[in-house]
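Me: I have a structure open on my screen and would like a close look at one part of it, with the surroundings added once that part is clear. Could you take me through it at an easy pace?

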Amino acid sequence: MSVTVANLSVAYRSHRGDVTAVDGVSLTIADGEIMGLAGESGCGKSTLGNALIYLDPRMKVTEGKVALDGRDLPIADSKAMRPLRMTEVSLVPQYALNALTPTRKIRRLVTDLLKSHGVQDRDEVLTEMKRRIALIGLTDDVLGKYSFELSGGMRQRVTILMSTLLNPSLLIADEVTSALDVSTQRAVGEMLLEFRDRGYVKSVIAITHDLSILAQIADSIAIMYAGRLAEKASTETIVNKALHPYTQALIASLPEVGVRHDQTTLTGIPGRPPSLVNPPAGCRFRDRCPFAVAKCAETPPFEEISPGHQVACWKVTKEASK
Amino acid sequence: MSQTVLKEHASSPAAPDTPPAHGSEFLYYGLRNKKLVFGLGLELLLILFAVIGPIISPHNTTDFFKLGAPPSAQNWLGTDSLGHDVFAQLADGIRESYLVGALGAISAAVVGMVLGFTAGWRGGIIDEVVQLFTNILVMIPALVLLVVIGSYLNTRGILFEGVFIGLTTWPWVARAVRAQTFSLRSREFVDLAKLSGKRATSIIVRDIAPNMASYLFLVIILLFGSSMLLAASYDFLGLGPTSMASLGVMMQNANLNSALFYHMWWWVVPPGLVLTAMVAALLVANVGLDEVFNPKLREQ
Amino acid sequence: MSELSVHEVSKLYRGTARGGGFTLALRKVSFELKQGEVISLIGESGSGKTTLGKVILRLERPTSGAVTFGGKDIATYSQRGLREYYRFVQGVFQDPFSSYNPIYRADRVFDLVRDVYFAHVSGKDWNDKIDAALHAVALNPGDVLGKYPHQLSGGQQQRLLIARALLLDVRVLVADEIISMLDASTRVDVLNLLVSLKRAGLAILFITHDLSLGNYVSDRTIILRHGAIVEMGATPEVFGNPQHDYTKMLLSAVPELQKKWHHTALGPVAMPVSPGAEPVVRRDLRALLGGTRAVSSGKSAVALTLEPPVLHEFEPGHLVADAE
């Protein structure tokens, strides 16, 4: 029960040429693991997450394979993926707040969903849904409402409920906490943890730019930059012992509660990520990296520095081999 | 616009992987859109004909020839029951139809936009009043109104017909403009314009209207087409201008003289066919234009 | 010396939800903003913080109460008076991209200001002014002038908007969630820019839902909930020694890198009182404005009146409201 991504590359066409949004990404997620996929806008994390379940017709897989529970996932073939969606792999999309059709009540949306996946025993599944609704602290009357009658946080949680109703092996949660208030963020985060603990989902990929949330709910974190993986390790390692300069800079730019400007000045990262139409050769973080050397003109391999800790950086590789 | 500033920085290259600037983008896609090219091309041909037709026509509409003669070398489209050259009438008629169409479209557009922008921008009681007014006008059957007004006037001219059509079709322009204005006025760049001390009219003209430009363009094209059709139908019913030839009048005369019964197809078919072409070309071009303006509709 | 004074400002909206009713967006909010002071206005969605920002910018009119600037009620300004007001008080909003009219180039926002305020300034002087403003926000003129908004990054767009405000003689800046749509690496730059502007004497109303940002940058903090102030005081005191239950709940829910939430396994997650429930008050408009009778609606878990909970001074400068 695990996910293996092997050298995956996804590109899409634009009028300026092909843009490789995901470039040679390899990673594994163990059974029961919540992996955070973090990075800034344009790094390819959403593309990667979405590619695992639904390939936008404008995109194509140029390389690589994905395997779920030992079986190959036919991600390039939309028809072949259909029976697997919701049952094996499920997605809570970005902007899910508006993903629910506003003209139907929630109960109807659920039954429609079940019907389209050929679920026969709908009543039993509905009972299970009610049980889960109670689990997250909402009441049954949610089923009788329209989506616009619910607050943003409630809609988000209902969407997650619906996506996990058929107990998929893999849940991809794309920016599920981004547009929410602090208290609702916590509720959603705890919901993901709860669902994983109870086995409603086996593995979760939580895509977000917010490292603090990942520090709360994720077991491991993968950092993406400009279409490639920069670092992947356990949450504790990333937060305290990050090795990649980009990860270190990201962590350093996060204001913690209690930090004031007259005590510490936070620093950002100067410059912008490179364009992916004509990406520069070698390490893509080179232009903004305080440690860049000549060797960085060669693409650093994404390799294991210590057990469970992978980094793509020449500086790190060199120091580890000493 | 800070022209000097722009000139100074004009040489700086545009950021990579960004779409081309707006005007040229429309031109690029526009020239490649088959519907737009076809529709626009046909329309321009017809307009050209409207301009040069009366000039190249060897006869005037008042010249007499053999009654009801089929097309020949002398009368390219034959003659009608009264002996007038059909081609000459057609050439004149197209011109008149375009004129009335333009008049109608412009008056409808002006009234509709002014009321639509005002109602959409101000909201509240002004919006309610304009909506009330609009709804009342929509309910009044234009044909009946035309009959009533027409019976009081001794002569009716093109101006009257054009303005009348304009004043009876502006409601749906106003509604569309109002709806768009409503949604645009809550955008943050409008707030920013307010915070820059700009007056309402300036904001509407410079910030809101240009964002609706493609939409307004489409609306005006549709108005043009429907004005021509309306004018032709009024003419056909005898409610048109009292002293001119137009496509509708031609069709009316053909009908009154039972042209079809007498197999005078050269009198019946051309005006209807040309009118259909004029309006259809506009509509086809309109669909194409919509695709150009709205990238999501483009087939890649 | 107070720059801006907000006195018992209330805002009532006619409801758009099914069944009508009214929404109390703001309930007699009062505070003062001093020169060179940064106040963070913290609240969740539905707290009324954006509405308050708009009222201060006179993009919305309060139902009752007043905003005073330089001793004069801003509601009494004529068109010309309003223009003068905007010379000193400006705003920057959450979504940088939508503050630009997409059909024009980004620097048109400068031209808008020029047409109204600097019509008699020569071309060269104007360019110098722009360069100075861009320099103050750490933008390279060559990078941003002449470009369309979609060619600029979110951080550049946001800083350009701040530069626009600096072209005027701005003394008060209303910054409504200006950081939330930016990437982590650019957020810090904009934050540090605000700090440097504050040190130069600018008063900032920093509206946010992110407590850690508020803590980093502000001198005083106001916690807003359901349109009323529940806690207010010097930032270190409000964050270090929160008194109101709502403030404590907010602080405990903030995800931090080093501290994990206390996660209770199995069983319903305890939901705090506030989220979701939109306080909709029905019908009795007169009772609302009269102010004494509590009107409760069926939907909301909280009964609201126009009267906000009373604020008590817990310690000098630190005000806490009663529980509602």
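Is B:Gly112 buried or exposed, and how many other C-beta atoms lie within 10 Å?

Reply: Happy to. One thing to keep in mind from the start is that this is a predicted model.

B:Gly112 sits in helix α4 of chain B. The residue is buried, because 26 other C-beta atoms lie within 10 Å and the cut-off for calling a residue buried is 20 or more. Setting aside neighbours within four places in sequence, its contacts are B:Trp170, B:Val173, B:Ala174 and B:Val177. B:Ala176 is also worth finding on your screen: 64 residues separate it from B:Gly112 in sequence, yet their C-alpha atoms are 8.9 Å apart in space.

One of those contacts leads us outward. B:Val173, which touches B:Gly112, is among the residues with the most contacts inside the largest nonpolar core, along with C:Ala175 and C:Leu205. That core has 159 residues, and its largest share, 17 residues, comes from helix α4 of chain B, residues 86–122. A second, separate core holds 87 residues, including A:Leu8, A:Ala173, A:Phe195 and A:Ile217.

Now for the chain around our glycine. Chain B has 12 helices and 0 strands, so to speak a run of α-α-α-α-α-α-α-α-α-α-α-α when read along the sequence. Of its 300 residues, 42% count as buried. Among contacts in chain B with a separation of 6 or more, 72% link residues 24 or more positions apart; the pair of B:Gly112 and B:Val173 is in contact too.

Chain C, which shares the core through C:Ala175 and C:Leu205, has 11 helices and 13 strands. Buried residues are 50% of its 324, and 66% of its contacts with a separation of 6 or more join residues 24 or more positions apart.

C:Leu205 is a good place to enter chain C. Not counting residues up to four places away in sequence, C:Leu205 touches C:Leu33, C:Ile39, C:Leu41, C:Gly53, C:Ile56, C:Val174 and C:Ala175. Two of these partners, C:Ile39 and C:Leu41, lie on one side of strand β3 of chain C together with C:Gly43, while C:Val38, C:Ser40 and C:Ile42 lie on the other, and both sides are buried. In count, 6 of the 6 residues of β3(C), residues 38–43, are buried.

β3(C) pairs in the parallel sense with strand β8 (residues 203–208) of chain C over 5 bridges, and also in the parallel sense with strand β9 (residues 220–225) over 5 bridges. C:Ser40 shows both pairings: its bridge partner in β8(C) is C:Phe206, and in β9(C) its partner is C:Thr221.

These strands belong to an open sheet of 8 strands in chain C, with mixed pairing and the order β6-β7-β8-β3-β9-β10-β13-β12. β6 (89–92) and β12 (311–315) of chain C each have a single partner strand, so each edge strand has one side without a neighbour in the sheet. From one strand to the next the twist averages 20 degrees. At the β12(C) end, 4 antiparallel bridges join that strand to β13 (residues 318–321) of chain C, with C:Leu311 opposite C:Ala321.

Helices pack on this sheet. α1(C) touches β3, β6, β7 (172–176), β8 and β9 of chain C, and its direction makes about 150 degrees with that of β8(C). All 8 of the 8 residues of α1(C), residues 49–56, are buried, so this helix is largely enclosed by the rest of the structure. Among them are C:Gly53 and C:Ile56, both of which touch C:Leu205. Just after α1(C), C:Arg58 has a positive phi of about 55 degrees. Helix α6 (residues 154–167) of chain C lies across β6 and β7 of chain C, at about 175 degrees to β6(C).

Finally, chain C also meets chain A, in a contact of 39 residues from chain C and 45 residues from chain A. On the chain C side, α7 (184–199), α8 (211–217) and α10 (245–253) each supply at least two residues, and α7(C) gives the largest share, 7 residues. By class, that side has 22 nonpolar, 11 polar and 6 charged residues.

Conventions: Residues are numbered from 1 along each chain as its sequence is written. Chains are lettered from A and ligands numbered from 1 in the order in which they are written. This is a predicted model: local features need pLDDT of at least 70, side-chain atom pairs count only at pLDDT 80 or more; totals for chains, interfaces and linings use all residues. A residue is buried if 20 or more other C-beta atoms lie within 10 Å of its own, exposed if 12 or fewer, and partly exposed in between; C-beta atoms are placed from the backbone. Two residues are in contact if their C-beta atoms, placed from the backbone, lie within 7 Å. Ala, Val, Leu, Ile, Met, Phe, Trp, Tyr, Cys and Pro count as nonpolar, Asp, Glu, Lys and Arg as charged, and the others, Gly among them, as polar. Two strands pair if DSSP finds at least two bridges between them. A nonpolar core is a set of buried Ala, Val, Leu, Ile, Met, Phe, Trp, Tyr and Cys residues joined through C-beta atoms within 7 Å. Axes are lines fitted to C-alpha atoms, for helices over the stretch in contact, and angles run from 0 to 180 degrees between N-to-C directions.
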